[in-house]
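Good morning, and thank you for making time for this presentation. I would ask you to keep the structure in view while I go through its helices and strands.

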Amino acid sequence: MRDHGVSRGVALRAFGVLQRDGFAEQVPGGRWRAVRSGQRVDRRPLADRILEVIRDDGLEVGATFPSTSALGERFGVSRPTVTKALERLEAAGWLSEGGQGKLRTVRALPNREGRS
């Protein structure tokens with residue numbers, strides 16, 4: 001705003017256009033960052049992305065779900081972060097509870113349009 005002599009409203013509208021066109025994204029704290037070409041990342045919540053594993057891997061009800069470590073590698077996040085997302089999916093009824101030595105299994109299948 002200072003560099004270009006514009007108001008906050010004008011700057012926000014400009015960032016809105018940049019976001020719509022895929023050149024900028026909003027980050028926590030009310031800030032923005034540029035998205036470099038070829039670096040677009042799926043910004044949906046991790047639980048939503050993990051839920052797609054059921055469909056992408058062709059898992060059926062009762063099938064063993066991938067381990068926390070395997071999911072962490074797949075999504076490039078830490079095991080504690082995966083654990084929090086899995087707990088959300090367990091609470092929503094998509095997965096059975098896992099734990100020490102207990103494998104998680106699929107309890108429900110998402111429909112093609114997403115969550116129901």
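Let me begin with a term: a residue is called buried when its relative accessible area is under 20%. What you see is a predicted model. Of the 116 residues of the protein chain, 26% are buried in that sense.

First, the overall layout. The chain has four helices and two strands, and from the N terminus the elements follow the order α-β-β-α-α-α. Among contacts with a separation of 6 or more, 38% are between residues 24 or more positions apart.

I turn to the N-terminal part. Helix H1 covers residues 8-20, and Phe15 belongs to it. Is Phe15 buried or exposed? Neither word applies, because its relative accessible area is 31%, and Phe15 is therefore partly exposed. Leaving aside residues up to four places away in sequence, Phe15 is in contact with Ala24 and Trp32. Its C-alpha atom is 9.5 Å from that of Arg33, which is 18 residues away along the chain.

The two strands come next. Strand E1, residues 24-27, and strand E2, residues 31-34, run antiparallel and are joined by four bridges. One pairing to note is that of Val27 with Arg31 of E2. Three residues lie between the strands of this hairpin, and Gly29 has a positive phi near 95° there.

The remainder of my presentation concerns helices H2, H3 and H4. In H2, which spans residues 46-56, the buried residues are Leu46, Ala47, Arg49, Ile50, Leu51, Val53 and Ile54. They pack against H3, residues 68-75, and against H4, residues 79-91. After H2 comes Gly58, with a positive phi near 65°.

For H3, the buried residues are Thr68, Leu71 and Gly72. Why do we say that they line one face of the helix? Viewed down the axis of H3, they fall within an arc of 105°, and so they occupy one face. H2 and H4 are among the elements that cover these residues. Just after H3, Gly76 has a positive phi of about 70°.

Thr68 deserves a separate word. This residue lies in H3, and it counts as buried because its relative accessibility is 15%. Which residues does Thr68 touch, not counting those up to four places away in sequence? They are Arg79, Val82, Thr83, Leu86 and Arg104.

Let us now take the helix pairs in turn. Two packed helices are described by the angle between their axes and the distance between the axes.

The pair of H2 and H3 has axes that come within 12 Å and cross at roughly 105°. The two helices are therefore roughly perpendicular to each other. From H2, the contact involves Leu46, Arg49, Ile50, Val53 and Asp56, and from H3, Leu71, Arg74 and Phe75. By class, this contact of H2 with H3 has five nonpolar residues, three charged residues and no polar ones.

For H2 and H4, the axes come within 9 Å, and the crossing angle is roughly 75°. This pair, too, is therefore described as roughly perpendicular. H2 contributes Leu46, Ala47, Ile50 and Leu51, while H4 contributes Thr81, Val82, Ala85, Leu86, Arg88 and Leu89. The residues in this contact of H2 with H4 divide into eight nonpolar, one polar and one charged.

Finally, the axes of H3 and H4 are 9 Å apart, and these helices pack at about 105°. H3 and H4 are therefore roughly perpendicular to each other. On the H3 side we find Thr68, Ser69, Leu71 and Gly72, and they meet Arg79, Val82, Thr83 and Leu86 of H4. The contact of H3 with H4 has three nonpolar residues, four polar and one charged.

To close, I return to the central picture. The buried residues of H2 pack against H3 and H4, and the cover over the buried residues of H3 includes H2 and H4. Thank you for your attention.

Definitions and conventions. Residues numbered from 1 in each chain as written. Predicted model: local features only at pLDDT ≥ 70, side-chain atom pairs only at ≥ 80, totals over all residues. Heavy atoms only, no water. Buried < 20%, exposed > 50% of the residue type's maximum accessible area, 1.4 Å probe, protein only. Contact = heavy atoms within 4.5 Å. Pairing = 2+ DSSP bridges. Axes fitted to C-alpha atoms, helices over the stretch in contact; angles between N-to-C directions. Parallel < 35°, antiparallel > 145°, perpendicular 65-115°, else oblique. Nonpolar A, V, L, I, M, F, W, Y, C, P; charged D, E, K, R; others polar. Arc of directions from axis to C-beta.
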